[in-house]
Amino acid sequence: MRQPIRIAVTGAAGHIGYNLLFRIASGDMLGYRQPVILQLLEIPASLQALKGVCMELDDCAFPLLAGTLFTDVPEEAFAGADIVIMVGARPRTKGMERNDLLNVNGEIFKTQGIALDRAASPRAKVVVVGNPANTNALIAASHARRLDPKNYTSMMRLDHNRALSRIAAHAGRPVTSVRKAIAWGNHSSAQFPDLYHAVVDGINANTFIHDPKWVEREFIPGVQNRGTEILEARGASSVASAANAAVCHVRDWLLGTPENDWVSMGILTDGRYGIPEGVIYGFPVQCSKGSYAVVENLEITPFMRERMDSSYRELLWERDQVRHLMG
Ligand code: NAX
């Protein structure tokens with residue numbers, strides 16, 4: 001039997017948490033031979049609910065679930081964690097401006113970033129889901145001393161998956177035929193979903209687009225605003241698809257991306273593709289055995305450049321709002 005992998009999940013009693021934990025414990029994330037220990041964090045007011053979730057996890061009798069702990073103390077949840085999935089965040093409420101949200105949640109990611117750096121495994125891999133995900137990840141990464149800041153990522157995978165699914169529907173092909181979509185930039189409506197490098201059954205996706213206006217009028221805004229569309233239809237935000245995206249993000253990071261494909265991850269910038277260093281930005285990456293590498297040498301047209309820079313400017317603005325929270 002393999003050694004169990006310790007997975008910390010914050011906001012574990014929330015909606016995404018409830019959809020995520022059972023997927024992890026069943027083996028969907030790390031494979032059906034890999035035992036896991038879940039280390040779950042919540043605020044004190046939600047601990048009772050989290051206790052109930054843990055009771056349900058027990059009742060599943062998952063063969064791979066080697067242990068569960070729940071707590072409201074960040075250091076306890078992060079202790080020795082190999083993977084940290086940071087979902088817990090305050091929702092945006094009525095009357096709250098975007099910079100209020102940045103600050104309220106930024107405080108959480110400062111506190112938890114410090115605790116994480118003290119307590120987690122030095123090789124821990126971190127993915128931030130709680131919004132504004134890219135800037136929250138940046139705040140947590142800025143407090144990394146023992147940990148490698150490159151191991152702090154934000155989740156762009158929901159946007160990536162949304163792009164794949166839309167391309168498949170437009171081309172009239174199964175989603176398995178589509179590869180190499182990209183969600184560049186911020187996880188916000190300023191992201192740039194890119195199908196220009198995508199392929200369908202090995203052929204450039206452009207071949208399947210008969211109306212060039214479809215990309216600008218439907219594909220790009222459709223992916224950018226999908227969260228709002230779901231909120232309106234369901235009366236609640238994306239939950240199961242977000243949990244699924246977190247499963248995909250961690251699975252591919254640890255187990256590797258399929259050959260001749262890539263995924264989108266929010267990672268610390270280093271100047272590549274003309275995006276200056278110092279923000280967490282969505283890039284196409286290929287992963288192997290727990291490391292990732294940015295896909296190089298993709299052609300960037302002026303149309304793409306404009307959208308990529310605009311997403312960068314939004315991230316710069318966000319960073320300015322939370323500078324006082326960064327280490
Ligand atoms: P919920 O409000 O259902 O759950 C959030 C949970 O976090 C709650 O149980 C709350 O008690 C807990 N929490 C709050 N502060 C905490 C703290 N300091 N420490 C630990 N736990 C804390 O929201 P849910 O639908 O689960 O969404 C969670 C986050 O994901 C939100 O910020 C949401 O905006 C974000 N999303 C991000 C997506 C992405 O693609 N990156 C997509 C889906 C989702 O919108």
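Domain bounds here come from an automatic or database domain assignment. This is a predicted model, with residues numbered from 1 along each chain as its sequence is written. Local features need pLDDT of at least 70, side-chain atom pairs count only at pLDDT 80 or more, totals for chains, interfaces and linings use all residues, and side-chain values use heavy atoms, with hydrogens and water left out.

**View 1. The ligand and its shell draw on both domains.** At least three residues of the shell come from each of domain 1 (5-154) and domain 2 (157-320). There are 21 residues around the ligand (a heavy atom within 4 Å of it), and His-15, Ile-16, Glu-42, Gln-112 and Asn-131 come nearest. Helices α1 (15-26) and α4 (98-119) each give the shell at least two residues; helices are DSSP runs of H or I with at least four residues, strands are runs of E with at least two, and both are numbered from the N terminus. Sorted by class, the shell has 10 nonpolar, 10 polar and 1 charged residues, with Ala, Val, Leu, Ile, Met, Phe, Trp, Tyr, Cys and Pro as nonpolar, Asp, Glu, Lys and Arg as charged, and the others, Gly among them, as polar.

**View 2. Zooming in on the ligand's N and O atoms.** A ligand nitrogen sits 2.9 Å from a polar side-chain atom of Gln-112. A ligand oxygen is 3.3 Å from a polar backbone atom of Gly-14, and for Ser-46 an N or O atom of the side chain is 3.3 Å from a ligand oxygen. On its own the ligand exposes 890 Å², and the protein buries 84% of that (Shrake-Rupley areas, 1.4 Å probe).

**View 3. Where domain 1 meets domain 2.** Their C-alpha centres are 23 Å apart. Across the interface, 29 residues of domain 1 touch 34 of domain 2 (contact means heavy atoms within 4.5 Å). The two bury about 2,500 Å² between them, 69% of it on carbon and sulfur atoms; that is accessible area (1.4 Å probe) lost on being put together, summed over both parts.

**View 4. Two backbone spots to check out.** Most residues other than glycine have a negative phi, and most peptide bonds are trans. Asn-131 and Pro-132, though, are joined by a cis peptide bond, with omega about -10 degrees. Pro-132 is in the loop between β5 (125-128) and α5 (133-142). Lys-180 has a positive phi, near 65 degrees, and lies in the loop between β7 (178-179) and β8 (182-184).

Note on methods. A polar contact is a pair of N or O atoms within 3.5 Å; within protein, one must be able to donate a hydrogen and the other to accept it, and residues adjacent in sequence count only if both atoms are side-chain atoms.
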